[in-house]
Each structure stands twice: as C-alpha cells, then as structure tokens.
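Trainee: Got a minute to walk through this one with me?
Mentor: Sure, pull it up and ask away.

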Amino acid sequence: MNPLLLTDGYKVDHRRQYPDGTTLVYSNWTPRKSRIEGVNEVVFFGLQYFIKKYILRDFDQYFFSRPKDEVIKKYARRINNYLGENEVGTQHIEALHDLGYIPMVFKALPEGSSVPLRVPMFTMYNTLPEFFWLTNYFETLLSAVVWLPCNSATIAREYRKVLDHYAEQTSSVPEFVNWQGHDFSMRGMGGIEASVTSSAGHLLSFTGTDTIPAIDFLEEYYNADSDTELVAGSVPATEHSVMCMGTTEGEYETFRRLICEVYPKGIVSIVSDTWDLWKVLTNYLPRLKNEIAGREGKVVVRPDSGDPVDIICGNPDGKNEEERKGVIELLWDTFGGTVNAKGYKELISQIGAIYGDSITVERAAKICERLKQKGFASTNVVLGIGSFTYQYNTRDTFGFAMKATYGEVNGEGRAIFKDPITDDGTKKSAKGLMKIELENGVYKLVDGVSWEEEQKGELQEVFRDGKLLLEHSLTEIRERVKITSNTLAN
C-alpha cells in the first residue's frame with residue numbers, strides 16, 4: 001500500500017490548514033506519563049525499524065518506484081471515495097513523487113537509552129519548504145509503529161530488574177537470568193507486526209523467545225547475526241494436544257517416551273498439568289528419577305494453570321501436602337540438589353520448572369520472594385512472559401505523543417505549544433526548538449533554544465533526505481539497556 005495512505009483521514013488536508021507561507025514544521029516524539037507505578041523512564045526502541053521499513057523500503061517499493069500516474073490515480077481515488085467532493089488535490093503528492101525521496105531529518109537519542117518522562121526520544125522536521133506538510137503527516141504511521149516496541153522493551157527491563165535482584169541474592173548462576181524470562185506472547189498479540197516488534201523489545205533484556213520471526217526482524221533491521229551471536233533461542237516443548245493424545249492411562253508412558261526416547265539428551269519442556277500435576281510430580285517423575293538424573297540435559301516441568309505463585313512456591317493453606325509444598329519443593333524432595341554459597345537450594349541441573357500463564361512483573365517478584373523465603377534460589381524456575389504482559393498496554397501506558405513545537409511562516413520562526421486549561425498538565429507540550437543534555441547520566445530537555453543550540457546536545461541525526469546516517473546494532477542496544485537496568489536497580 002502507498003505509505004501516504006497509512007494515516008488518519010483528518011491528516012490528508014492539513015497542508016491547506018497551516019497558515020499561508022508555512023515552510024517548516026518541527027515535531028518530537030515524547031513519553032509524557034506512566035501508568036505503571038514506579039516506572040518513570042522508558043526504553044527507546046523501534047525508530048530504526050520504522051525508518052528502514054517504512055521511510056526507505058515501503059516508500060521506495062510502493063510509491064517512488066511505481067509509475068507516477070498509477071500512484072496518483074490510486075491516491076486520488078481513495079481520497080475522493082473517502083471524503084467525497086474535496087479540494088485536497090494531488091499536486092503535493094506528485095511533487096513528492098518527482099523528488100524521489102523523503103525530505104526529512106530525524107534526530108534521535110541512541111536506541112536502548114532510558115529516557116525520562118517528558119523528555120523527547122527524537123525530533124523530526126522537513127528539509128524543503130514545500131514539504132512542510134510532511135512532518136506531522138507521519139504522526140499516525142509513526143505512532144502506530146513505535147509505541148509498542150518502546151512499551152515492551154521497558155516492561156521487559158522491569159522483569160529483568162526483578163529477576164536480577166533475586167538472582168544476585170539467592171543464585172550461584174545469576175547469568176541464567178538471560179534465559180529466565182521467556183517470551184510466550186506471539187499468539188496473543190494484535191497481529192504479526194505487533195508480536196514481532198514486541199518480542200524484539202523483550203529480547204533487549206533476555207535471550208529466550210518462542211517468537212521465531214523476531215530473530216529475522218533483529219537481523220534485518222538491527223544488524224544482528226544469529227550465526228555469530230546469540231540473538232534468541234528456545235527448547236523443544238510439548239503442548240496439551242501432545243499430552244492428551246497419549247491418553248490419561250498412557251500419561252506415564254508419554255513422559256517416559258519423551259524423556260528417554262524422543263529427547264534422550266538436551267533440554268525438553270513438558271506440559272505437566274493436562275490432568276493431575278501433583279501425580280506427575282509425586283508418581284511419574286520419581287519413577288523416572290534415575291533416567292532423569294542421568295540425562296545430559298534438563299527436563300523442565302511446565303504447569304500451565306492455577307495461581308502461578310502458589311503452584312510454583314506452594315500454598316500454606318493448601319488442602320493437601322502437594323499444594324502446600326508446590327512444584328519446586330516437590331522436585332527437591334525427589335531429585336535434591338545443592339545448597340549454594342549464598343545458602344539457597346538449587347535443584348540438580350537435570351530438572352527444573354517453567355510457568356507461563358498470566359505472569360506479571362508483580363507475580364514474578366512474588367514467586368522469587370516466596371522461593372527465597374523457603375530457602376530456594378530464584379533461578380530454579382523460568383517464567384514464560386506472554387500477551388497478558390505485553391498486549392494489555394496501549395500508547396497511553398507511557399503517554400506517547402508526537403507534537404509540533406516549532407514552525408516557520410514567511411521566513412519567521414514560531415515557537416508553538418499546547419497547554420489545555422482542562423488538562424492536568426499531562427498534555428502540556430514543550431515549546432520551540434529543543435536539545436537534550438546529559439546530566440549525571442540522565443537525559444534532560446532544554447526547549448526554546450536557537451537553531452545553533454539545537455545542533456548541539458545528545459540528539460544525533462540518524463536520517464536526512466532519504467539516507468540513513470546512523471545505525472545501532474542489537475549488541476549495542478542490549479548493552480545500553482543492561483547499563484540503565486543496573487543503574488535503576490541500584
């Protein structure tokens with residue numbers, strides 16, 4: 001589709017609504033508030049993808065490389081059918097097609113940066129006066145693409161902070177946290193692009209995902225290379241259809257066959273609550289203890305229903321001993337393990353657990369805390385993080401907005417802003433040209449600056465007039481997220 005049609009309908013005639021003589025519109029993208037308690041900085045991620053896919057690839061493939069007559073005819077048909085008789089016109093679209101590139105500048109902070117609320121992540125403005133209308137024309141498309149990877153990268157970092165905190169206190173293998181948060185979200189996201197960009201955000205803090213196309217995404221848009229670096233990984237795992245097909249009477253045999261014949265070595269994750277989780281833990285696995293303990297690789301028990309905190313850690317008010325002990329203690333009763341130097345129990349390396357239903361940051365913290373109180377290391381369990389975490393968010397989770405703050409009309413600059421009297425201050429925008437300064441490792445907005453000052457600061461040109469000027473790799477971005485995560489945690 002012509003990317004100029006990937007917009008809200010009200011955008012198409014703003015060109016005629018700006019004051020006569022308008023030659024420049026300067027806008028920014030900013031997280032304005034947080035609906036998540038305690039989260040006051042947002043991870044910046046996704047602009048490089050937006051520029052590579054939409055501004056470069058899609059505009060080339062579906063606009064500039066198409067015959068001009070074809071493009072204009074389709075654009076006119078859509079707008080005329082949509083608005084009826086109108087004066088939107090097509091001359092400005094024809095002029096853009098003749099130009100052959102997007103005459104814009106994007107200036108941005110490094111992707112993976114932790115950006116405080118109300119500090120812009122990037123700015124953008126037109127470079128040719130006749131295309132002033134283009135800056136905010138991109139608002140809808142840009143917003144639709146960028147807020148989700150920022151959200152998911154930020155939320156993943158919150159998980160990482162929790163899991164790092166408890167691993168540091170209780171585990172002998174804190175590096176295992178790289179795998180402890182595993183992305184299970186793909187099937188529950190709002191479409192394939194949402195699932196892939198969200199999972200890519202997750203992978204800035206972890207290496208585990210079941211969203212295979214996120215690897216291709218990071219290779220194509222963020223210079224990753226799965227042949228030379230660990231982009232993401234997973235393990236063989238069953239589902240309920242597999243377990244059900246073995247029948248209730250043959251469930252033990254299903255476990256035995258999977259562990260001893262299908263996967264005699266390596267890691268395998270087995271859904272264990274298709275019928276009776278406690279029977280699996282107290283009957284089947286003890287019968288297979290020697291085979292499991294002698295394996296080269298881990299058998300991972302996967303409960304999939306109930307309260308995840310109680311299932312993993314036990315419920316003191318449970319109606320039987322199994323419920324009171326929970327998965328990790330029952331596995332310890334059968335397989336044992338070691339007490340590490342920090343004084344916490346770690347299961348033998350051949351057995352473990354994963355829980356992937358309705359996990360939240362709060363529940364992750366409760367699971368780790370309850371395990372700690374029981375004397376178990378937090379890294380005895382992996383948490384599957386799904387769409388309950390990543391899809392139950394919106395652009396308003398961090399109040400993302402793109403707003404114009406400066407323009408030029410008849411050669412004169414205008415510092416513009418919005419400040420609704422009926423608002424609580426959230427929608428009050430910055431004013432004029434801006435630069436971002438770094439003070440004691442924290443980004444700070446300075447608005448109302450001159451063009452000379454605007455050229456300074458932390459915002460760097462990443463795109464100008466059809467050319468990508470600066471790229472960030474997955475490795476670089478992960479390192480930035482890691483640094484900010486450790487800083488915030490401390």
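Mentor: We'll start with the whole chain, then go through the sheets and a couple of serines.

Trainee: Is this experimental or predicted?
Mentor: Predicted, so keep in mind that we're reading a model.

Trainee: OK. How many helices and strands are in the chain?
Mentor: The chain has 19 helices and 19 strands.

Trainee: And what does the C-alpha trace span along its principal axes?
Mentor: About 85 × 50 × 45 Å.

Trainee: How much of the chain counts as buried?
Mentor: 52% of the 490 residues. The accessible surface is about 21,600 Å², and carbon and sulfur atoms hold 48% of that.

Trainee: What share of the contacts comes from residues 24 or more positions apart?
Mentor: 77%, taking contacts in the chain with a separation of 6 or more.

Trainee: What about charge? How many positive and negative side chains are there?
Mentor: There are 55 positive and 69 negative ones. The centres of the two sets lie 2 Å apart.

Trainee: On to the sheets. What's the strand order in the antiparallel one with 7 strands?
Mentor: S15-S14-S1-S5-S3-S18-S19, and the sheet is open. Strands S15 (412-415) and S19 (467-468) are the edges; each has a single partner strand, so one side of each has no neighbour in the sheet.

Trainee: Which helix packs on that sheet?
Mentor: Helix H2, residues 47-64, packs on it and touches S3, S5 (122-126), S18 and S19. The direction of H2 makes about 15° with that of S18.

Trainee: Let's zoom in on S3. How many bridges join it to S18?
Mentor: 4 bridges, with S3 covering residues 104-108 and S18 covering 460-464, running antiparallel. Within that pairing, Ala108 has Gln460 as its bridge partner, and Phe106 has Phe463.

Trainee: And how many bridges join S3 to S5?
Mentor: 5 bridges, again with the strands running antiparallel. Met104 stands opposite Asn126 of S5 there.

Trainee: Is S3 enclosed or open to the outside?
Mentor: Largely enclosed by the rest of the structure, because 5 of its 5 residues are buried. Both faces are covered: Met104, Phe106 and Ala108 are buried on one side, and Val105 and Lys107 are buried on the other.

Trainee: Huh, a lysine in that list.
Mentor: Yes, Lys107 counts among the buried residues of S3, on the side with Val105.

Trainee: Now the other sheet, the one with 6 strands. Is the pairing parallel or antiparallel?
Mentor: Parallel, in an open sheet ordered S7-S6-S13-S12-S9-S8. Strands S7 (208-209) and S8 (268-271) sit at the edges with a single partner strand each, so each has one side without a neighbour in the sheet.

Trainee: How do S9 and S12 pair?
Mentor: S9 (residues 299-302) and S12 (residues 351-355) pair in the parallel sense over 3 bridges. Val301 has Ala353 as its bridge partner in S12, and Val300 stands opposite Gly352.

Trainee: What about S12 and S13?
Mentor: Those two run parallel and are joined by 3 bridges, with S13 at residues 381-385. Tyr355 of S12 stands opposite Leu383 of S13.

Trainee: Is S12 covered or exposed?
Mentor: Mostly covered, with 5 of its 5 residues buried. Ile351, Ala353 and Tyr355 are buried on one side, and Gly352 and Ile354 are buried on the other.

Trainee: Time for the serines. Where does Ser269 lie?
Mentor: In strand S8, one of the edge strands of the parallel sheet. Ser269 counts as buried because its relative accessibility is 6%.

Trainee: What is Ser269 in contact with?
Mentor: Leaving out neighbours within four places in sequence, Ser269 contacts Val235, Pro236, Ala237, Thr238, Val300, Arg302 and Ile354. We've met Val300 already, opposite Gly352, and Ile354 is one of the buried residues of S12.

Trainee: Last one: where is Ser473 found?
Mentor: In the loop between S19 and helix H19 (474-489).

Trainee: Buried or exposed?
Mentor: Buried: the cut-off is under 20% relative accessible area, and Ser473 counts as buried at 15%.

Trainee: Which residues does Ser473 touch?
Mentor: Tyr222 and Asn223, not counting residues up to four places away in sequence.

Trainee: And how far apart are Ser473 and Thr22?
Mentor: 38 Å in space, C-alpha to C-alpha, and 451 residues in sequence.

Note on methods:
Residues are numbered from 1 along each chain as its sequence is written. This is a predicted model: local features need pLDDT of at least 70, side-chain atom pairs count only at pLDDT 80 or more; totals for chains, interfaces and linings use all residues. Side-chain values use heavy atoms; hydrogens and water are left out. Buried means under 20% relative accessible area, exposed over 50%, partly exposed in between (1.4 Å probe, protein chains only). Contact means heavy atoms within 4.5 Å. Accessible areas come from the Shrake-Rupley method with a 1.4 Å probe; for residues, only the protein chains shown count as cover. Lys and Arg count as positive and Asp and Glu as negative; His and the chain ends are not counted. The place of a charge is taken as NZ of Lys, CZ of Arg, CG of Asp or CD of Glu. Two strands pair if DSSP finds at least two bridges between them. Axes are lines fitted to C-alpha atoms, for helices over the stretch in contact, and angles run from 0 to 180 degrees between N-to-C directions.
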